[in-house]
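Got the viewer open? Here's a short tour, one selection at a time.

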Amino acid sequence: MKKTNIMICLVGMCLLGCQNQNNKIQYNVDRFYDLEVLRYDVPDFDQLTLQQKTLVYYLTEAALQGRDILYDQNCKYNLAIRRTLESIYTAYPDKQDEQFLLMEKYLKRVWFSNGIHHHYSEDKFLPEFTQEWFGKALLSLSSEEWVEYGWQDNYDTLMAVVFDPDVLAKKVNQADGVDLLLTSANNYYEGLTQKEAEQWYAAHKDNSPEPLWIGLNSKLVKTAEGKIEERVFHVGGLYGEALEKVVYWLEKAKEVAETDEQRLVIEKLIDFNKTGDLKTFNEYAIAWVRDLNSRVDFVNGFTEVYGDPLGITGAWESMVNFKNIEATKRTTILAENAQWFEDNSPTANEYKKETVKGVSAKVINAAILGGDCYPSTPIGINLPNANWIRKEYGSKSVTIENITAAYDKAAQGNGFNEEFMFSDEEVKAAKRYGALTDNCHTDLHECLGHGSGKLLPGVSKDALREHASTIEESRADLFGLYYIADPKMVELGILPDKEAYKTAYYKQMMNGAMTQLVRIEPGKDIEEAHMRNRQLIANWVLEHTDDANPEVEWVRKEGKLYLKVNDYEGLRRLYGELLAIIQQVTSTGDYAKAKELVETYAVKVDPKIHQEVLERYKKLNLAPYKGFVNPVYTPVTDDSGNITDIKVDYSEGYAEQHLRYSRDYSPLPTYN
Ligand code: ZN
């Protein structure tokens, strides 16, 4: 699962326009520092059967019970700080006090980051309220709270944790040349040096063909006697109080599983949580990959390893979701017609596959975000992480449609398109077609683009070396761009008319040549492969337009620079030409040509354009990072206590939600 910061969403994805949204929902919930809190809705929840809804409900409860675990994993003082702040927040008499309001702002940030470090930069953020005020505010805590949160015994330490910029400064340190464990503030290791941990892992490594992921669910601690102890996360062990609750809800979920395959997944996960046995975890992961026919699906447990400086231990996360049938139909239609697309592509025949198999990817709606997926969340899931399981049993890859739709919805009217699009015409079209063509282009890219074409005999798939990813992403993007304008898309019922594709074209040019630069610091080159690919396409096109009648051109209007597309069909021709070139480079493994394309068009940034884009973007005052509040699920029961329905509510506020979670889903002790 890849966590995507919102900049990528703003730039890489659609900004405007999404049909079928419930207008009553307030999508923009809160805004503070560089963060914005949004709301997503869960379309089609009402279409689920009562059994499926009940299953979702039980799984959402299991998802919320793990929240404390992530706080503790991120830093051992996080629960103490959060609970202290929440107690002051509730008990402090003067809610209009200026210092109190600064504390509220800080607390909101702690909730957003699941702790005291920025969720993206990993740096510790400092409060704006004074230490003096905070010292006094602490007096509104009860004496039990003083003991429980640690103020009684460790007052100075806790004060330094909050106020001293040098104490626990970085959550996960990745810098070269220092001890990554001693300089990281998180809580995956205690008292060990990096070397000691690495030696321990080396000594315990499983080299069998079906290896156990040693360390996935444990913390290494060096005892007072200098012994290294592995504290495993399971019921009865570390984080047992929370995992016990997770198991409680999983047991209920098991009773309403949709299929035998799904029941097996839940059973294995229950076992794993109880025992911490990594062999059971492998069985669980395999069962999960094989569970393809259930509509409801979920992730719950120790998953991604970005939080561990050594990349071994998983951060606790959960996401419950169900298949979006309509959107999945779209990808199925494309996959079924894969051969037609291959045969009609503008590439040379010798580079085409004789038989092509489309990849059918699943589109889902998230029902709840938990742990490391909350409030900031990925927009796609690709699991499991164990390579041998992926190779032997495959993996599941999904796009989370209701989350991307919420980003789109929340961005409506934020001024971005108005600022960077040439005229009202493009803005209006983007509003109407933006979300649709964006999803459609992603589908073409993923389901067909990457799988199209073939290498000539004897050509190594590593031939393009460091330029391989950029060229491959360009190939998939161009395949999508070429076909999104094809009448076939309307014929297949995927696009409504022959105008829609123009929005995808305009946005590709604008994003590739201009607006994606908001993510690049002044003076820096473009490094990331997807970004290089986008600029490669846009700049190549701009360089190959017809001199007399340019298909697309730079224009200055009222002092501002814009791209103006004059001839969309001509633009399609150019995309097709470049696709043919890129396919040739790939099929023949032409490293020199790949290098030339990347170095000429993809890496260097025009400093004047860059500066102007940054200045114009800054004036829009958009929050670069976004996260979400969850819907609230409430069971409706009859007189005998049987569940007859599950109601979804979208009105809960940000602070309200976190205070409720801390009250109702907070089973862990303050120090673990
Ligand atoms: Zn791709």
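Before the first stop, a word on helix angles: axes are lines fitted to C-alpha atoms over the stretch in contact, and the angle runs from 0 to 180 degrees between N-to-C directions. Keep in mind that this is a predicted model.

Start by selecting residues 240–255, helix H10, together with residues 260–275, helix H11. Their axes sit 10 Å apart and pack at an angle of about 160 degrees. Anything over 145 counts as roughly antiparallel, so that is what H10 and H11 are to each other. Look along the pair and you'll find that H10 passes H11 in a left-handed crossing. Now show side chains: H10 brings in residues including Leu-243, Val-247 and Glu-251, while H11 offers, among them, Arg-263, Ile-266 and Ile-270. Colour this contact by class and you get eight nonpolar, one polar and five charged residues.

Keep H10 on screen and add helix H2, residues 50–64. This time the angle is about 170 degrees, with the axes 8 Å apart, so H2 and H10 are roughly antiparallel too. From H2, pick out Leu-55, Tyr-57, Tyr-58, Leu-59, Glu-61 and Ala-62; they meet Val-246, Trp-249, Leu-250, Lys-252 and Ala-253 in H10. The class count here is nine nonpolar, no polar and two charged.

Last stop: the zinc ion. Which residues coordinate it? Select His-445 (NE2), His-450 (NE2) and Glu-473 (OE), at 2.1 to 2.2 Å. Along the sequence, these donors follow the spacing H-x4-H-x22-E. His-445 belongs to helix H18 (residues 424–449) and Glu-473 to helix H19 (residues 468–484), so the pair ties together parts 28 residues apart in sequence. Switch on a surface, and note that His-445 and Glu-473 are both buried.

Notes
Residues numbered from 1 in each chain as written. Predicted model: local features only at pLDDT ≥ 70, side-chain atom pairs only at ≥ 80, totals over all residues. Heavy atoms only, no water. Donors = N, O, S within 2.8 Å, 3.2 Å for Na, K, Ca; no water. Helix = DSSP H or I, 4+ residues; strand = E, 2+ residues; numbered from the N terminus. Buried < 20%, exposed > 50% of the residue type's maximum accessible area, 1.4 Å probe, protein only. Parallel < 35°, antiparallel > 145°, perpendicular 65-115°, else oblique. Left-handed = near helix turned anticlockwise from the far one by under 90°. Contact = heavy atoms within 4.5 Å. Nonpolar A, V, L, I, M, F, W, Y, C, P; charged D, E, K, R; others polar.
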